[in-house]
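Subject: Structure for you to look through

Dear colleague,

I am passing on the structure below, together with some notes on what was found in it. Please keep it open beside this email as you read.

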Amino acid sequence: GKLPTAFENENEFDASRMNNKVGGNLTYAWATGEMKLDASYSFDKYDYPVDLHNNNALDVSAHFNSANTEENSIYYDVTLAFRNTSKKMTEQLDKMVSGDPLQFVLGENYLKVAGLVGASFEKHRVYIDMNVEFAKYSQLHDFSTGVVEVSPIYQLRTSWLDAKLGIKFGNNYSLKGKEVDTQMESESSTTFCPNIDARFSLVKKVFWAHAVIGGGNDINPYSKMMKDCPVLVPYTDIKFGNRPLDAKLALESYIFGHLSLNAFGSYTIFNNKLLFVPSYATVGVPEILARYKDVNRFSFGVEAFFQSQDFIIGGRMQVNSYKDSEKAVVTELPKCEGNAFLRYNFRERIIAQVDLNYRSGVSGTFFGMENYGGYGVYSVPEIVDMDFNLNFIVNRHLSVYGKVGNIFNRRNQYMPLYIEPGRNFGGGLCVSF
């Protein structure tokens with residue numbers, strides 16, 4: 001139907017969105033462990049005046065974990081995941097002008113192996129934490145990219161301290177295929193960073209200090225970017241990034257068995273931080289590309305949670321300050337973001353929940369127009385999005401659910417310059433066996 005546009009010279013345009021997904025899971029448990037298998041297939045279609053996006057994804061994963069918590073035992077927690085994704089984008093304007101639409105197709109096979117294996121004895125635990133990711137591209141691009149991370153960790157647990165101490169070794173790489181890919185370059189990067197997570201008891205069972213110092217690598221697979229931004233063009237750059245330092249200090253409390261109050265501050269260094277940036281457009285909506293920037297972020301926030309027999313209420317608010325490598329303020333990322341929820345559970349029969357999400361406005365320069373001054377600037381207003389979900393559980397095999405989305409009927413833009421649909425309703429049946 002008709003969707004509003006973010007451009008001042010137009011009021012609305014014809015558009016359609018269709019999201020389809022089918023899947024299932026199987027869980028099998030035994031005395032010392034558990035296995036869970038998941039599989040799903042999704043097909044999404046985003047039809048706008050400028051471009052038509054057809055997104056397909058097949059996801060298969062297996063998760064294995066041990067249930068043996070005895071002392072002096074071996075334990076494991078391993079996940080294997082595979083995703084096959086294809087993206088076809090048809091440029092609608094070319095079809096209107098010449099009748100011969102221009103199409104771009106990108107395929108991706110993505111594999112991830114992550115988990116830990118270790119042993120425990122008395123107060124001590126020793127284990128290896130690993131993460132391996134690999135993505136191979138075809139059609140529009142011909143290259144592969146991957147990351148290998150290994151972290152040996154020692155954990156000590158006492159009545160006043162729970163500390164994990166380790167170091168993470170990582171390597172990112174990208175390799176060109178047999179066909180020359182002029183947009184991508186073969187490169188690699190090796191990183192070393194601490195892997196520390198320590199929680200100190202300041203007042204027994206009431207007040208803690210929690211410190212986390214780490215880092216990591218991101219290969220930014222196209223399939224993951226497409227989940228966050230379904231209209232991302234397939235010919236965008238795909239680059240890996242890393243976080244040489246990701247540090248957080250928090251004060252945490254748990255009062256009267258019902259109330260939790262936390263305050264935290266964090267500092268993160270991003271190399272090649274992923275941003276979604278629109279290109280300039282005069283009709284309908286713009287094309288969106290990935291852009292990468294070196295960014296330092298300082299954050300401060302508070303959290304609060306309260307739980308009673310029937311109610312759970314909680315919220316989180318975080319204030320951010322972003323600077324690039326030249327100490328200039330980064331405006332493409334939100335200065336403030338937060339969420340809150342209220343959940344009511346009546347005798348495990350009726351479950352109602354209200355969710356509120358907030359993100360401050362952002363602004364930036366259109367892709368490719370960095371040298372055009374104020375003419376090339378776009379802005380996205382703040383997001384205030386409230387949803388309501390209601391579930392009625394008939395029995396252990398059947399439940400009925402309903403949902404109201406965007407209750408305030410706001411013109412939210414999770415993707416820059418793409419207005420989300422207004423107030424919307426949904427519902428259905430859930431059958432399990």
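In which strand does N272 lie? The residue N272 is found in strand 14, and, since this is a predicted model, please read that placement, like everything that follows, as a computed result. The backbone of N272 has a positive phi of about 60 degrees, although the residue is not a glycine. N272 counts as partly exposed because its relative accessibility is 27%, which falls between the 20% and 50% limits.

A second residue with a positive phi is K205, where the angle is near 60 degrees and the residue is, again, something other than glycine. K205 sits in the loop that runs between strand 11 (187-203) and strand 12, and K205 is classed as exposed because its relative accessible area is 64%, where exposed means over 50%.

Strand 14 (residues 259-278) comes up again with the largest pocket, since this strand supplies 7 residues, the largest share of the pocket's lining. The volume of the largest pocket is about 1,500 Å³. Of the 47 residues that line this pocket, those closest to its centre are D228, C229, F276, R359 and Y414. One of them, C229, is buried, with a relative accessible area of 1%.

As C229 is a cysteine, you may want to know how many disulfides a search of the whole structure finds. The search finds 0 disulfides; as a reminder of the term, a disulfide is a covalent bond between the sulfur atoms of two cysteines. Another cysteine, C430, counts as partly exposed, with a relative accessibility of 38%.

The next topic is charged side chains. Side chains of opposite charge can pair when their charged atoms come close, and a search of the whole structure finds 11 salt bridges. Among them is the one between D218 and R243, whose side chains meet at 3.4 Å, taken from N to O. This pair links distant parts of the chain, because D218 belongs to strand 12 (residues 207-218) while R243 belongs to strand 13 (residues 241-255), and the two residues are 25 residues apart. R243 also meets D246 in a salt bridge, with an N to O distance of 3.5 Å. Through these shared partners, D218, R243 and D246 are joined into one network. Both acidic members are partly exposed, D218 at 29% relative accessibility and D246 with a relative accessible area of 25%.

A further salt bridge joins K136 and D142, with the closest N and O atoms 3.4 Å apart. Are its two partners buried or exposed, or something in between? K136 counts as partly exposed at 34% relative accessibility, whereas D142 counts as buried at 15%, because buried means under 20%.

On the surface there is also a nonpolar patch, formed by V22, Y41, L58, V60, F82, L111 and F134, which together have about 580 Å² of accessible area. One of its members, L58, is placed in strand 5 (residues 51-66) and counts as partly exposed at 35% relative accessibility. N65 is in strand 5 too, but N65 is buried, with a relative accessible area of 15%. If you wish to trace a distance yourself, the C-alpha atoms of N65 and S120 are separated by 15 Å, and these residues are 55 residues apart along the chain.

With best wishes

Terms used. Residues numbered from 1 in each chain as written. Predicted model: local features only at pLDDT ≥ 70, side-chain atom pairs only at ≥ 80, totals over all residues. Heavy atoms only, no water. Patch = residues over 30% accessible without salt bridge, like charges linked within 9 Å, V, L, I, M, F, W, Y side chains within 5 Å. Areas by Shrake-Rupley, 256 points an atom, 1.4 Å probe, with all protein chains shown as cover. Salt bridge = Lys/Arg side-chain N within 4 Å of Asp/Glu carboxyl O. Helix = DSSP H or I, 4+ residues; strand = E, 2+ residues; numbered from the N terminus. Buried < 20%, exposed > 50% of the residue type's maximum accessible area, 1.4 Å probe, protein only. Disulfide = S-S within 2.5 Å. 1 Å grid on protein atoms, 1.4 Å probe; cavity = no way out; pocket = protein on both sides within 12 Å on 5 of 7 lines; lining within 4 Å. Points joined across faces, edges and corners; volume = space filled by probe spheres on them.
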